[in-house]
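Reader: I would like to go through this model and ask, for each label, what earns it. Please set the values against the cut-offs.

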Amino acid sequence: MLNFLSEIFGLSLIGGIKLGRWNSRGIFIYIVFYDGFDIYGQYFNLKKKFGGLGCSFEF
């Protein structure tokens, strides 16, 4: 069932950990996974699948 829904809607997952206080300064390290159709490009029927690692500094 999940595979069927991800074919129609796409699958986007973001998870991470913040080092520091939740509502103040710190470093946020996260991973991203996307599997679905491209909604930002010129052609909407292109299927994309990628993952990444990111870091955010909050001052």
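Reader: Which residue in E2 stands opposite Ile 17?

Author: Ile 29 is the residue of E2 opposite Ile 17. This is a predicted model, in which local features need pLDDT of at least 70 and side-chain atom pairs count only at pLDDT 80 or more, while totals for chains, interfaces and linings use all residues. Residues are numbered from 1 along each chain as its sequence is written, and side-chain values use heavy atoms, with hydrogens and water left out.

Reader: What makes E1 and E2 a pair?

Author: Two strands pair if DSSP finds at least two bridges between them. Ten bridges join E1 to E2, so the two count as paired, and they run antiparallel. They form a hairpin with five residues between them. Strands are DSSP runs of at least two residues and helices (H or I) are runs of at least four, numbered from the N terminus.

Reader: How do you know that E2 and E3 pair?

Author: By the same rule, twelve bridges in the antiparallel sense meet the requirement. Phe 37, for example, stands opposite Lys 47 in E3.

Reader: Why is the contact between Lys 18 and Glu 58 called a salt bridge?

Author: The term requires a side-chain nitrogen of Lys or Arg within 4 Å of a carboxyl oxygen of Asp or Glu. The closest N and O atoms of Lys 18 and Glu 58 are 2.7 Å apart, so the pair qualifies. Lys 18 lies in strand E1 and Glu 58 in strand E3, so the salt bridge ties together parts that are 40 residues apart in sequence.

Reader: Are Lys 18 and Glu 58 buried or exposed, and why?

Author: Buried means under 20% relative accessible area, exposed over 50%, and partly exposed in between (1.4 Å probe, protein chains only). Lys 18 has 14% and is therefore buried. Glu 58 has 33%, so the label is partly exposed.

Reader: What is the other partner of Asp 35 in a salt bridge, and at what N and O distance?

Author: Asp 35 pairs with Lys 47, with the closest N and O atoms 3.7 Å apart. Asp 35 lies in E2 and Lys 47 in E3, so parts twelve residues apart in sequence are tied together. At 16%, Asp 35 counts as buried, whereas Lys 47, at 41%, is partly exposed. The structure holds two salt bridges.

Reader: What makes the nonpolar patch, and what is its area?

Author: Patches are made of residues with over 30% relative accessible area and no salt bridge; like charges are joined within 9 Å, nonpolar side chains (Val, Leu, Ile, Met, Phe, Trp, Tyr) within 5 Å. This one covers about 890 Å², and its members include Ile 17, Ile 29 and Ile 31. Ile 31 has 52% relative accessibility and therefore counts as exposed. Three residues, the largest share, come from E2.

Reader: Where is confidence lowest and where is it highest?

Author: pLDDT is the predictor's confidence in each residue, from 0 to 100. Helix H1 (residues 2–9) is lowest, with a mean of 63, and E3 is highest, at 90.

Notes
Accessible areas come from the Shrake-Rupley method with a 1.4 Å probe; for residues, only the protein chains shown count as cover.
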